[in-house]
Structures are given as C-alpha cells and as structure tokens.
Amino acid sequence: MTLGEIIKTLDCRVVAGNTNLDAKVRTGCGCDLMSDVLAFIKPGAILLTGLNNPQVVRTAEIAEIRIVCFVRGKQPSQELITLARESGITLLTTSLPMFEACGKLYMNGLSGYDE
Amino acid sequence: MDAEKAITKVQELVYEIKVNQVMVTDVITVSPHNLMSELRVLLHDKRISGVPVVEGTTLVGLVSIEDFVKCLSEGKMNNLVRDRMSRDVITLYDDEPLVRAVQEFDRRGYGRFPVISRENGALVGVITKGDIIRGLLKRIEIDYHEEEIHRYRASYFFEDIIADKTTLIFQYKVTGKDFSRAGRTSSGLKKTLRRMGIPPKIIRRIAIATYEAEMNIVVFTDGGEITAQVTPREIRVEAVDSGPGIPDIKKAMEPGFSTAPDWVRDLGFGAGMGLTNIRKCADTMHLESTVGKGTRLEIAVQLNGAVKHDSGDHH
C-alpha cells in the first residue's frame, strides 16, 4: 500500500512529517509494547500503536520506522510532534480502534511483520 | 547517499518544490504579428524548440520548430505567427508543485511548458525537463551538503589513520528517571555510526541494543554512562550504572521476567524483553552486577571487514 492509501483506508489525520503520499509501505505492526517493536518489526513498516509518549518516536527512529499511526483517536503531544519532525517520521491519527485499523490494512494487502 | 535514499528524497522534493522555483523567468517570446521568417534567427541562435506567443502579457499561443519547418516546406515564410502557431497550449500554474510538471512532461512528451500566473494569467516563465533536474539537484545538494561532508570525513577516518591499532571512543551520559530525554544516547550513537559509513544492518543491531540498555539505566537507576568503542573489527558498547544492581542475573535474562513498576509499563517498556532483545542483537554479551553497587553490561557486534581500514592493522 502507499501512504496515501493507508491514510484513506483508516481516514487518518496527518499530524507531522513528510507528505510523500506515494511512499510504499509493505508491512505493518500493531503493538503497544516498544520492546516487541524493537525485537520484531521490519525496517520501513508502519507502526500502529495505542501508546502515546515520546518513546514511540524514539523506538521508531531506532527501528527505522518512518510512519507511526496512533489508534483510537489519540492525539500526540507537541513534544512528541517536534521529536517526530526532527527525526523525519510521519505521524498519523485514526479514530479507529487497534483491531479494526490493523484489520482494514491487512484486508487491503498490507502483510504482517512475520513474513 | 545511496541510490534508494536519493530516489525517495527526490520523490519528496517534487511535491515540495514549486514550478516557479525552478522555471526560467527570462523568457524569449514573439508577438502574433511577427512574420514566420523572423523566427529563423531566434530558433537557431537560441537553440530552442518552441517560443511562446504573447500579446501584451497574455499568452495566446506557442510556435514550435515543427510549425516553422512546415511553413518553410510550404514556402509560406511571409505568414504571420498568429496564423501558424498552435493556440491550444498546455500551461502550468506558477504555484503548482513540480510533480504536476513531471506528470505533464510524461503525458504529453513536449519539451517545454509555458508557466502562467494563477492571479492574472500572465506568462511568467517557461519550464523544461532540464530546469526540473537542475532545480532538484541544487536542492539535494543544499540539503545533503553538510551531512555528506560529515559522512565523507568519517567513512575515511580509519583509512587515514596510521597506527597499529585504532579505536574510536564515544561517551554518553544517561540521566536516570528522565523519560523525555531517554533515547537520546542511542539516537546520537546511531547518527554517528551512520556518518561513519557503518552498514545499516549493523547500526540497527547496535542501536536497538543500546536503546534497551539506555532504557534500563533510565528506568532502574539514577543515571549512568554509555560508551561505544569502534575499531575496524567490531563495535563494543558498554553501559555502566551505579544503580541497585540485579540480584539474579539468570532470572533477569529470562524472556518476560520483569521487575519494572507499572509506570514503566505505561511507557511501553518493562515487559521483561529488554535483555532478551539485547542478546538477540549482539554477537557477544556480558552482564555483571552487584546488588547495591551497580551493573555493567557489555555487548559487541563484529564488523567482519565491513569498514575500510588502514594497512596499519597488522595480522
């Protein structure tokens, strides 16, 4: 999927980051546990999370994740947005809960991190 | 910068840069009342393939080299430009992103597009593929200039040093309980290693291991120090703190075992996977701890000749 398709599918709001809507995203990971993200996520995946603190951006930066989507309408703080801008990470928010957001992306061809 | 990254960067830039930032504003134009024969000098001398036809400031058409040749073969060089020009001109607005121009070039196969002002429709410039490429290159050069200089210097560092043994040491202070700054060390180390030209896969392993170690220091102690040692053979990271220590290291190494309080779990950590992650990333790992005194963690990742080094390293 492209970033643009993801935004459309999840009806996302773009909070921060680059606006290249044609960027290809191959895999996704839905996770609130940052250690699991660090252990298993593939570089270039989109991270869907309900966790809302600066460590999400740090984890994304360390694990080479460029797109993070906050589920269930969570609004990231200004501090978090600033950190994301510095690291070149795109932040999205969707009002969908985690299960539905992951399900919709999976149905649209995004695979899990295990493949 | 590697090719893949460069392409992504260009993709971003074609959305960001506007047509009026790369177009040529010093445009050669003709009047519709000029004779076709007058184009000869213009097309030849300026080596251009098409000229916008302008009346006042308004674009009324485009006359191309093809129109000229056709006119020549018909022997009608005394025709007026307005009778031979094409009136159905594809134009771009000056405030459109470059990606629109790129799409039009792809779709139409023309060599140039007149650019008009969205405000008053006046001709304000002309854009060619060459202008786009020049604009992009200039921008990339500006954006990457500094980073490139850093990287160039760093990646040849080992080559330039003449010694029997070379070790670069980077030291970082980690503040305990300060969650807003947690991750700065690993982030800084990661950027540094990237500038040195260390392969991305190795950087990822070091960064993840260092980040987990850093989180442990932040969560459990009042602070500590992380030191990275880089040699042509390996990267070694040492995390030392004077915190409470680990009573049972074997137990602490078990996946899922955690003594972290709930507030740490709320931050997305403390699930007992930290040390497991570190072990997974490192080639070797050494953990020693004394209760009441502190903990020392040392990991190493082998470079296996991934970094250029000077022949001074005799073996």
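## Helix 4 of chain A

On one side of helix 4 of chain A, A:Gln78, A:Arg85 and A:Glu86 are exposed, meaning over 50% relative accessible area, with buried set at under 20% and partly exposed in between (1.4 Å probe, protein chains only). Flip to the other side of this helix, which spans residues 78-87, and you find its buried residues: A:Leu80, A:Ile81, A:Leu83 and A:Ala84. These four sit on the same side of helix 4 of chain A because they cover an arc of only 160° around the axis, going by the directions from the helix axis to the C-beta atoms. Helices here are DSSP runs of H or I with at least four residues, strands are runs of E with at least two, and both are numbered from the N terminus.

What lies over that buried side? The cover includes strand 1 (13-16), helix 3 (54-62), strand 4 (67-70) and strand 5 (90-93), each from chain A. Just past the helix, A:Gly88 has a positive phi of about 70°.

## What kind of model this is

This is a predicted model, where local features need pLDDT of at least 70 and side-chain atom pairs count only at pLDDT 80 or more, while totals for chains, interfaces and linings use all residues. Residues are numbered from 1 along each chain as its sequence is written, chains are lettered from A and ligands numbered from 1 in the order in which they are written, and side-chain values use heavy atoms, leaving out hydrogens and water.

## The nonpolar core

The largest nonpolar core has 69 residues, and those with the most contacts inside it are A:Leu47, A:Val68, A:Leu91, B:Leu193, B:Ile198, B:Val230 and B:Ile235. Helix 10 of chain B (residues 200-220) puts in the largest share, twelve residues. To count as such a core, buried Ala, Val, Leu, Ile, Met, Phe, Trp, Tyr and Cys residues must be joined through side-chain atoms within 4.5 Å.

Take A:Leu91: beyond its neighbours within four places in sequence, its contacts include A:Val14, A:Val57, A:Val68 and A:Phe70, along with A:Leu80, A:Ile81 and A:Ala84. Contact here means heavy atoms within 4.5 Å.

## Chain B at a glance

Chain B has 13 helices and ten strands, and 45% of its 315 residues are buried. The domain assignment, which is automatic or from a database, gives domain 1 (3-135) and domain 2 (163-302). Their centres, taken over C-alpha atoms, are 58 Å apart. Of the contacts in chain B between residues at least 6 apart in sequence, 63% link residues at least 24 apart.

In helix 6 of chain B (residues 98-108), the buried residues include B:Leu98, B:Val99 and B:Phe105. B:Gly109 follows that helix with a positive phi, near 70°.

## Helix 13 and the cysteines

Helix 13 of chain B (residues 274-281) is mostly covered, with six of its eight residues buried. Its cover includes helix 2 (34-40) of chain A, plus helix 10, helix 11 (249-252), strand 9 (284-290) and strand 10 (294-302) of chain B. One of the buried residues is B:Cys281, at 10% relative accessibility.

So how many disulfides are there over all chains? Zero, with the rule asking for a pair of cysteine sulfur atoms within 2.5 Å. For B:Cys281, the closest cysteine sulfur is in A:Cys29, 15 Å away and too far for a bond. A:Cys69 is buried at 0% relative accessibility, and its sulfur is 4.0 Å from the closest cysteine sulfur, in A:Cys12, again too far for a bond.
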